Amino acid sequence: MSLRGIVMLGFFMATIVVSALQAEAKSKMQKQSFGKTEDGQQVDLYILTNHHGMEAAITNYGGTVVTLKVPDRNGKIDDVVLGYDRLDDYAAGKAYFGAIVGRYANRIAHAKFTLDGTTYTLPKNDGDNHLHGGFNKRVWTAKDVSSSNGKALELTYLSKDGEEGFPGNLSVKVVYTLSDQNELKIDYSATTDKDTVLNLTNHCYFNLAGQGSGDILQHQLMIRADRITPVDANLIPTGELRSVKGTPFDFTTSTAIGARIDQDDQQLKLGRGYDHNWVLNSGSAGSLSLAAQAYEPHSGRVLEVSTTQPGLQFYTGNFLDGIRGKQGKVYNRRYAFCLETQHFPDSPNHPDFPSTVLKPGQHFQSTTVYKFSTR
Ligand code: BGC
């Protein structure tokens with residue numbers, strides 16, 4: 001081979017190596033430090049990207065979605081979830097921004113339940129109730145499990161027997177996958193070594209016009225549910241499954257969130273707005289079904305929520321009170337909404353509700369998909 005030929009071949013091979021390295025760098029999930037917890041544990045931020053410019057930044061502190069960047073109808077990207085810039089603010093915060101919530105998401109009345117004849121007492125962190133548990137403030141073990149289905153982050157956590165008063169060593173796994181169909185899929189699974197109860201959800205606060213950009217009252221919402229579980233003054237379900245027909249809780253056809261939120265309605269007054277569990281029409285069959293759809297008219301962004309869970313807590317950020325969040329934005333009342341897929345609140349004290357009991361040998365599994373599009 002001539003010298004020119006050798007040089008050309010060398011150049012050609014170097015180009016192949018460089019592009020292979022570039023492709024690998026691109027396909028690898030980016031990881032950066034998010035700081036250290038007070039007790040010195042390293043926490044990271046994982047950046048999941050797809051081919052449509054969508055990006056989810058998730059930290060293994062609480063399995064929290066820190067940012068979720070989504071294109072609008074003109075391709076402009078905005079971050080559509082509330083949160084903080086700094087780990088310390090998550091550690092001090094009380095709003096559960098973007099976090100994985102457990103061991104029992106939502107309220108347990110009087111912070112007590114009885115299982116197999118034993119009464120378990122939990123910390124009271126919401127008046128007389130137990131609310132949401134502490135998974136949002138734990139450091140989870142993270143692993144990049146990306147595949148042809150998209151970038152995926154696996155988070156695992158062992159909740160020890162007796163942690164926060166719950167029985168059983170509970171091994172929890174949560175996998176976040178960002179697909180090229182602009183879906184953020186969350187797969188939850190868990191096993192236990194003693195009978196226990198669990199309710200897992202994600203607590204993203206959405207504002208499809210962009211985080212911190214104002215209230216969410218003009219978003220149009222549809223919820224595929226004919227009934228809610230009405231609550232008492234402590235936001236605990238009374239046990240009734242009440243029809244939404246003729247009430248401000250009827251979102252069976254798409255309606256602006258703000259259209260009826262201040263109506264003279266006892267349930268709205270108790271929640272200071274919407275803060276209730278909708279009984280999804282899909283029931284507890286466990287197959288993935290559309291639960292809700294939100295549309296924001298100015299950006300054109302649409303969020304569709306599908307789940308295998310029987311309930312959906314729709315919460316309109318009624319307790320946001322001027323929290324300073326990301327990029328110096330201030331979050332006031334009703335600046336975001338949550339669509340928390342879950343089992344019904346206080347199920348351990350309502351034998352008629354779908355069961356939240358998990359026994360040794362059983363494998364808990366649930367899936368929720370947040371899919372974004374525009375119109
Ligand atoms: C609850 C609200 C609570 C919020 C933050 C929501 O899931 O329904 O009542 O204020 O979480 O804890």
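This section describes the ligand site, strand pairing and backbone geometry of a predicted model.

The ligand sits in the largest pocket of the protein. Its surroundings are made up of Y96, R107, L131, H132, H203, Y205, D275, Q313, Y315, F319 and E340. Sorted by class, this shell comprises 5 nonpolar, 3 polar and 3 charged residues. Side chains of the shell approach oxygen atoms of the ligand. For D275, a polar side-chain atom lies 2.4 Å from a ligand oxygen. For E340, the corresponding separation between a polar side-chain atom and an oxygen atom of the ligand is 2.7 Å. In the case of H132, an N or O atom of the side chain is 3.0 Å from an oxygen atom of the ligand. These pairs fall within the 3.5 Å limit for a polar contact. On its own the ligand has 310 Å² of accessible area, and the protein covers 94% of this.

Two of the residues around the ligand, D275 and E340, can also be placed in a sheet. An open sheet is formed by 5 strands, arranged in the order 19-18-21-24-27, with antiparallel pairing. Strand 19 (242–243) and strand 27 (338–342) are the edge strands, each of which pairs on one side only. E340 falls in the residue range of strand 27, and D275 begins strand 21, which spans residues 275–280. Strand 21 runs antiparallel to strand 18 (residues 225–229), and 4 bridges join the two. Across this pairing, I228 stands opposite W278 of strand 21.

Just ahead of strand 21, the loop that follows helix 3 (266–271) contains R272. The phi of R272 is positive, at about 55°, although R272 is not a glycine. Most residues other than glycine have a negative phi, and most peptide bonds are trans. A cis peptide bond is found from G102 to R103, with omega near 10°. R103 belongs to the loop between strand 6 (100–101) and strand 7 (107–108). Strand 7 starts at residue 107, and R107 is one of the residues around the ligand.

A further antiparallel pairing involves strand 11 (residues 141–144) and strand 12 (residues 151–159), which are linked over 4 bridges. Within this pair, A142 stands opposite L155 of strand 12. The two strands form a hairpin with 6 residues between them, and in this hairpin G150 adopts a positive phi near 135°.

Definitions and conventions
Residues numbered from 1 in each chain as written. Predicted model: local features only at pLDDT ≥ 70, side-chain atom pairs only at ≥ 80, totals over all residues. Heavy atoms only, no water. Near = heavy atom within 4 Å. Polar contact = N/O pair within 3.5 Å; in protein donor to acceptor, adjacent residues only side chain to side chain. Areas by Shrake-Rupley, 256 points an atom, 1.4 Å probe, with all protein chains shown as cover. 1 Å grid on protein atoms, 1.4 Å probe; cavity = no way out; pocket = protein on both sides within 12 Å on 5 of 7 lines; lining within 4 Å. Sits in = over half its atoms within 2 Å of the grid points. Nonpolar A, V, L, I, M, F, W, Y, C, P; charged D, E, K, R; others polar. Pairing = 2+ DSSP bridges.
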